[in-house]
Amino acid sequence: MALEDFAEPEVAATAVVTAAIFSPKARKLLRKGAVYGLAGALIAGETAASFGKSMAHGFQKGRVSAESSPQANGQAATTNQQQPTDPATKSINQDR
C-alpha cells in the first residue's frame, strides 16, 4: 500500500480501528471512555427525570392550592390566625 492510500477515509478509519483493537493501551482507554460516558449519561438522565418530577409536583401543588383558595371559589378572603404547634413558638406568641 502506498502512502496516498491511507488518505482515503475508508482506509484511514479501518487502520485506526485495527490499531485500537490490537493495542492494549487503546482498548483500556476505550473501555474507560465507555464507562465514564455511560455513567455521565445515566447521571444526566436521572437529573432530568428528577427535575421533571419536581416540576410536575410543583405544578400539581400550585393547581390544588389555586383550586382550594377562597378567591378561586368566589368567597371573600378572610384571615385566620392559626395556633402554632411548636411549643417554643407558642410560648413566644403568648408573651405578647
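**View 1. I21 and its nonpolar neighbours.** I21 counts as partly exposed because its relative accessibility is 48%, where partly exposed sits between buried (under 20% relative accessible area) and exposed (over 50%), using a 1.4 Å probe and protein chains only. This is a predicted model, where local features need pLDDT of at least 70, side-chain atom pairs count only at pLDDT 80 or more, and totals for chains, interfaces and linings use all residues. I21 belongs to helix α1, residues 9-22. Together with V17 and F22, I21 makes up a nonpolar surface patch with about 340 Å² of accessible area. Patch members have over 30% relative accessible area and no salt bridge (a side-chain nitrogen of Lys or Arg within 4 Å of a carboxyl oxygen of Asp or Glu); nonpolar side chains (Val, Leu, Ile, Met, Phe, Trp, Tyr) are joined within 5 Å, like charges within 9 Å.

**View 2. K28 and a positive patch.** Here R27, K28, R31 and K32 come together as a patch of positive charge on the surface. Each charge is placed at NZ of Lys or CZ of Arg. K28 is part of helix α2, residues 24-68, and counts as exposed because its relative accessibility is 52%.

**View 3. The helices and their confidence.** The chain has three helices and zero strands, with helices taken as DSSP runs (H or I, at least four residues) and strands as E runs of at least two. Confidence peaks in α2 at 91 and is lowest in α3 (residues 87-94), at a mean of 56; pLDDT is the predictor's per-residue confidence, from 0 to 100. Across the chain, pLDDT averages 78, and 67% of the residues score at least 70.

**View 4. The chain surface.** Just 1% of the 96 residues count as buried. The accessible surface is about 8,700 Å² (Shrake-Rupley, 1.4 Å probe), and carbon and sulfur atoms account for 63% of that surface. Residues are numbered from 1 along each chain as its sequence is written, and side-chain values use heavy atoms, leaving out hydrogens and water.

Key:
Lys and Arg count as positive and Asp and Glu as negative; His and the chain ends are not counted.
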